[in-house]
There are 2 protein chains.
Amino acid sequence: MKRILNAQTIKYLNKKIKVCGWVDSRRDHGGIVFLDLRDRSGILQILCSPDSVKEVKEEYVLEVEGEVRKRPINMINPEIETGKIEIKASKIKVLARAKTLPFDIKTLKVSLPTLLDYRPLTFRNEKIRAIFKIEEEIISSFRKTMRKLGFSEFQAPTIVPLATEGGADVFHIDYYNYDAYLAQSPQLYKQIMLGALERVFTITRAYRAEPSITTRHLSEYISLDVEMSFIDSWADLMDTCEIVIKNILSDVQKKCQKELKTLGAIVPKTSSKIPRLKMREAQEIIFQRTGRDNRQEPDLSPEDEKEICNFAQEKKKSELVFITHYPTKKRPFYTYPDPEDSDYTLSFDLLCRGLEIVTGGQRIHEYEKLLKNIKEWGNKPKNFLFYLQAFKYGMPPEGGFCLGAERIVKQILGLENIREASLFPRDMERIDQRLSILQPKKKKK
Amino acid sequence: MKRILNAQTIKYLNKKIKVCGWVDSRRDHGGIVFLDLRDRSGILQILCSPDSVKEVKEEYVLEVEGEVRKRPINMINPEIETGKIEIKASKIKVLARAKTLPFDIKTLKVSLPTLLDYRPLTFRNEKIRAIFKIEEEIISSFRKTMRKLGFSEFQAPTIVPLATEGGADVFHIDYYNYDAYLAQSPQLYKQIMLGALERVFTITRAYRAEPSITTRHLSEYISLDVEMSFIDSWADLMDTCEIVIKNILSDVQKKCQKELKTLGAIVPKTSSKIPRLKMREAQEIIFQRTGRDNRQEPDLSPEDEKEICNFAQEKKKSELVFITHYPTKKRPFYTYPDPEDSDYTLSFDLLCRGLEIVTGGQRIHEYEKLLKNIKEWGNKPKNFLFYLQAFKYGMPPEGGFCLGAERIVKQILGLENIREASLFPRDMERIDQRLSILQPKKKKK
């Protein structure tokens, strides 16, 4: 007999079927045992004789044959898809046993470190699965939009010969007696690809050796990266970014209704056009609203990002806002200076509910200018010879942006800590489990 | 005026349009200059006055306005999509200049090391682009099949706390004063995911510190990974693998006709069912055919793989062949032993034109058996506590396989070296460019 999924059983009323899954819960009622069987499609109630399930406990894996029948009216459960039926088991086979659970994985009342230490187990919880279903939809929506807009996907390398975005927060690799690093972003490679493909995107891993623990940084994260050439102006970049993020929000809204409900989350609202403010304008607004004078600062603080989002929501009816024209000195060497004021750049961040979820900008496409900037930023052109080929031999005006997948998940769902939005988060204390459990710490170099 | 793509210009006969692209070639004919303009859609002939393109050389980036007109009959070029038309330029703007090319990128008569050192430039060549168009299609076909079969995609982590598949060929990372490694495969994580999702796939980077240079190994490669639970028998795995690879071959055949023609490649043929041979049977056949007696060897040599593929093609009309039942000692600790002979495993490789392109098998899903094997293989269970949770708390019978994307590209196209199938190949001498050019070698530890 071929196994069918739990959610499909409603089509087989009064028929004999086979289902498989994990025991989500067990309820003993005298001469009858009720099991909730969980598979990837949902929950199904199984009615068994006590003898047939003597040893069966939570998380046992079963194969059940039986008849699909209507539940008595007073037993109907409107909360689940199969709430009107149940299976009267005729044969139960244990496919795998489970040890006693360390905690209840349905209520999951555990601290975040424990939740993560036990990820293989806690991932079975409905709410946790809902988070990653939404992440899958975000990535899938991103890919769909990019293809529709004529972008080619490419696979970015992750072992790189130098620290692209700056020297400090980079992981070093022992590479056959040479030095190598984990890519902080696919930046240089997506620019290189433009020389032939014009418009590219990549979904890749990026790595930051963040030397502190915050609720918004991961050492390994999913970067959704876009780069496009033949732009007419840098506004093309924000326009494209706006299409991408709006599609993500509306796809999550449409396709993840069940998961949003499970998590009690509301997708961020935005106005028909996402507001765009220069960083200096944003600082002025923050000063006017709060009296906090950060108008000379070269960047927005986390507090500032929250306040400007409050402003956008109150005054512009948008939970998203673009901040543009960050100072030249705070941006990487490849960022295009504003022709009207070279102290600032044609760069932007997209903030959502108080946190940056996208960063982007126009890039310097002129070979000589780029060469000059590499030197001015204290780098050796010799180290960039490979990258520079793309510009030496003709590169059109271009730019791009990247979205942090986990940050989008976090902000859509209102999660407190970005680690909740990463399946297997890595930070300075953790790879899978807390490192202090597994390894002695090395002496600091 | 809005830019249109070269391939679209045929719809605008006698109209004024704007196109953009790179100068693929320049031909001066007295009072007229012909430019071939290349964009992501193809080549387009531009007719210009010598004055308007005085400085223009190959790989300059231009924006051209002009009228679309029919070419004279004797000037028609049947080789290109826009071969019946040309643009009479009225305005030419140089968007970017190019330095003199180091070699002709159309004929590309350079050695493989030079080809790779100049990847940003050589990627502009039509044949090279065709290789990676086919790679994109292979990955896309894989994803499409897996979704159709009800598999969920997940993002595997690449920084891991231990060397999964064995100790030697693993890259070490300096991780906040702890030890960490680059994942040799997403194996343990895809197994973990089964506990909730039942059927998963991931498209990820995998890393092998191969201490030698061969034509079939890369230090960083694209792994297409599948894992499925609730299998009835390990044959389910090969059946699924067969669907995946056949879809890949037929999608490449259908959707990459132009690229296959450009590269002069023929997609491998297979019989309606891919032949399946036990490793010992294969060795016997090889002995019978060649007199080479490797019947006691624990694995097939590269020479053996070629010979058994010759046999499959001659006798079974298939350029693909499954080899099964590899010896237990040659496979990782998680491989399921054959219940009929525990010296061998329920494992398989898929060979194509003489090279392994897939490896897979059933896994041990019973907690105690797995624990025992971890010890027997010389590992410490303490290091596998995270992974073991997935089995301790109920795991159905399961297995999976992984495809090497670059190997599939190589074998479909008949490339000599796998580096040709990697956009940015990494090996013991190269990251982007030859390392010896960039860095002094460290002293061997």
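Trainee: How do you know how chain A relates to chain B?

Mentor: Superpose them. Chain A lies on chain B with an RMSD of 0.0 Å after a turn of 180° and a shift of 0.0 Å along the axis. The two copies are therefore related as by a two-fold rotation axis. The fit is by least squares on the C-alpha atoms of residues with pLDDT of at least 70 in both copies. In chain A, the C-alpha nearest the axis belongs to A:I173, 2.3 Å from it.

Trainee: Which limits apply to the model, and how are residues and chains labelled?

Mentor: This is a predicted model: local features need pLDDT of at least 70, side-chain atom pairs count only at pLDDT 80 or more, and totals for chains, interfaces and linings use all residues. Residues are numbered from 1 along each chain as its sequence is written, while chains are lettered from A and ligands numbered from 1 in the order in which they are written.

Trainee: What makes the copies meet through the same surface?

Mentor: 100% of the interface residues of chain A are also interface residues in chain B, so the surface is the same. By count, 75 residues of chain A are in contact with 76 of chain B. Contact means C-beta atoms, placed from the backbone, within 7 Å. The chain A side divides into 42 nonpolar, twelve polar and 21 charged residues. Here Ala, Val, Leu, Ile, Met, Phe, Trp, Tyr, Cys and Pro are nonpolar, Asp, Glu, Lys and Arg charged, and the others, Gly among them, polar.

Trainee: How do you know that β8(A) and β8(B) pair?

Mentor: Pairing takes at least two bridges found by DSSP. Three bridges join β8 (172-175) of chain A to β8 (172-175) of chain B. The two strands run antiparallel. A:D174 stands opposite B:H172 in β8(B). Strands here are DSSP runs of E, at least two residues, and helices runs of H or I, at least four, numbered from the N terminus.

Trainee: Why is A:Y176 called buried?

Mentor: Buried means 20 or more other C-beta atoms within 10 Å of the residue's own; 12 or fewer is exposed, in between partly exposed, with C-beta atoms placed from the backbone. A:Y176 has 21, so it is buried. A:Y176 sits in the loop between β8 and β9 (178-182) of chain A. Its phi is positive, near 45°, and it is not glycine.

Trainee: What makes B:H325 count as buried?

Mentor: B:H325 has 22 C-beta neighbours inside 10 Å, so it counts as buried. B:H325 lies in the loop between β13 (320-324) and β14 (337-338) of chain B. Its phi is positive too, about 60°, although B:H325 is not a glycine.

Trainee: How do you know that the span of α8(A) agrees with its number of residues?

Mentor: The expected span is 1.5 Å times one less than the number of residues. For the 15 residues of α8(A) (302-316) that gives 21 Å; the end C-alpha atoms are 20 Å apart, so the values agree. Its buried residues include A:I308, A:C309 and A:F311. The buried residues pack against α7 (279-290), β13 (320-324), β16 (347-352) and β17 (355-363) of chain A. After the helix comes A:K317, with a positive phi near 55°.

Trainee: What makes β19 and β21 of chain A edge strands?

Mentor: Each pairs on one side only. The open sheet has three strands in the order β19-β20-β21, paired antiparallel. β20 (430-431) and β21 of chain A share two bridges. A:I431 has A:Q433 as its bridge partner in β21(A).

How values were computed. Two residues are in contact if their C-beta atoms, placed from the backbone, lie within 7 Å.
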